[in-house]
Amino acid sequence: MTGSDVGGTIPSPTPTLRWTGDSVEIIDQTRLPAELALIDVRDTATAIGAIERLAIRGAPALGAFGALAVVVGFDEASPRSLDEARSVLERLRTQIGDARPTAVNLRWAVDRTIDAALGDTTLDAAALSATTTSDTAALRERLLVEAQAIGAEDAEACAEIGRLGREVLADATNIATHCNAGRLATAGIGTALATVYAKAAAGEPVRVLASETRPLLQGARLTAWELADASIDVSVVADSAMASLIAAGEVDAVIVGADRIAANGDTANKVGTFAHALAAADAGIGFYVAAPTTTIDPSVPSGTCIVIEQRNPDEVHSAGGRRLTPAGAGAVNPAFDVTPARLITAIITDAGVLRPPYGPSIAAALALTRGAERGAD
Ligand code: MRU
């Protein structure tokens, strides 16, 4: 197999998402790798459309974007009283927070932004409607501060995951991944790919096998684009080729991201992840999940309770705008699958490397991070 030359450069500076001062600018990931196009998001409909058609995607990036989209939606509505502001925010909580159901970061970030801004205001209805524009301006400021904090914290979490992941994968050179869990999927340098960037930056040899990730080809289009952009050796393989490559000893370790991690460690990630985990277990190589603790959902006891997004069958029927299937054939398009905790060697988080049994290790990590959040309140 061939790939580009190995390097250790810092990823290209165009950020995946950025607050411009009065809008959110995002890379339109539907147009990569053909074109690096940007979208200026300044209304709720554009924000929701971008989420739904995966112009912005990846659990942590959805969280960071969703939080800023609340500010955009608030500005668009420009409420004149706190009472009106509250109902605008409750509408945005549902519209933006529910735009995709599996990635928990979206719901979490939207809730965190709105709840932090509203605080524990206990004004009665009369007091709420008597408020002034300076009150709504202060509320809007609190939304923006919280939304920007979410992005900044995600960038820090990515860096820590990279640092820890590099230690965990110290002996791995040929690393397989699925979908895109890189800088395009986060507000920082990625989760699974943060490990790769950390190894490359340290001058360690690293070569990535990126499964193409049908139907929307996040691996072939996005992982390959961002790694090639950073001069990191990347080869795209058909999804169906990964198991035999693993069995043939061409892969030292598999590392993927996550959309939602249940309290017992079961992990939802891009559909096809489960198959990679089975192949890794059969070959006796490590299968790692890299995710910020914000992707853990302790309210979900196990993977069977995770809602899996079902997407439009047309995504399966077509590729590159060309119909592949005959008229009359149906298609089923689950966007994610669940890898059982028993197949996961470790979960690399910003709060440490979690090992089985995941119930206790996840609970301890959350006590550390969410306990610290509560302490800071
Ligand atoms: O449908 P997508 O492209 O949003 O799916 C993304 C994934 O499955 C990623 O692996 C996951 O969100 C982790 S991103 C750091």
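Q: A polar contact is a pair of N or O atoms within 3.5 Å. In this predicted model, how far is an oxygen atom of the ligand from an N or O atom in the side chain of Asn 269?
A: Happily, Asn 269 is one of the residues that come nearest to the ligand. The pair joins a ligand oxygen to an N or O atom of the Asn 269 side chain. Their separation is 2.6 Å.

Q: How much of the ligand's accessible area does the protein cover?
A: On its own, the ligand has 410 Å² of accessible area. The space it takes is the largest cavity. The share covered by the protein is 100%.

Q: Which elements give two or more residues to the shell around the ligand?
A: Let's start with the make-up of the shell: 8 nonpolar, 7 polar and 4 charged residues. The elements that contribute two or more of the shell residues are α2 (59–77) and β9 (267–270).

Q: Which residue has a polar backbone atom 2.8 Å from an oxygen atom of the ligand?
A: Asp 259 also has a polar atom 2.8 Å from a ligand oxygen, but that atom belongs to its side chain. The backbone atom at 2.8 Å belongs to Ala 59.

Q: Is Cys 179 buried or exposed?
A: Cys 179 sits in the loop between β4 (174–178) and α7 (192–201), and its phi is positive, near 60°. Buried means under 20% relative accessible area. Cys 179 has 7% relative accessibility, so it counts as buried.

Q: What is omega for the peptide bond that joins Leu 32 and Pro 33?
A: Pro 33 belongs to the loop between β2 (24–27) and β3 (38–41). The bond joining Leu 32 to Pro 33 is cis, and omega is about 5°.

Note on methods: Residues numbered from 1 in each chain as written. Predicted model: local features only at pLDDT ≥ 70, side-chain atom pairs only at ≥ 80, totals over all residues. Heavy atoms only, no water. Near = heavy atom within 4 Å. Polar contact = N/O pair within 3.5 Å; in protein donor to acceptor, adjacent residues only side chain to side chain. Areas by Shrake-Rupley, 256 points an atom, 1.4 Å probe, with all protein chains shown as cover. 1 Å grid on protein atoms, 1.4 Å probe; cavity = no way out; pocket = protein on both sides within 12 Å on 5 of 7 lines; lining within 4 Å. Sits in = over half its atoms within 2 Å of the grid points. Helix = DSSP H or I, 4+ residues; strand = E, 2+ residues; numbered from the N terminus. Nonpolar A, V, L, I, M, F, W, Y, C, P; charged D, E, K, R; others polar. Buried < 20%, exposed > 50% of the residue type's maximum accessible area, 1.4 Å probe, protein only.
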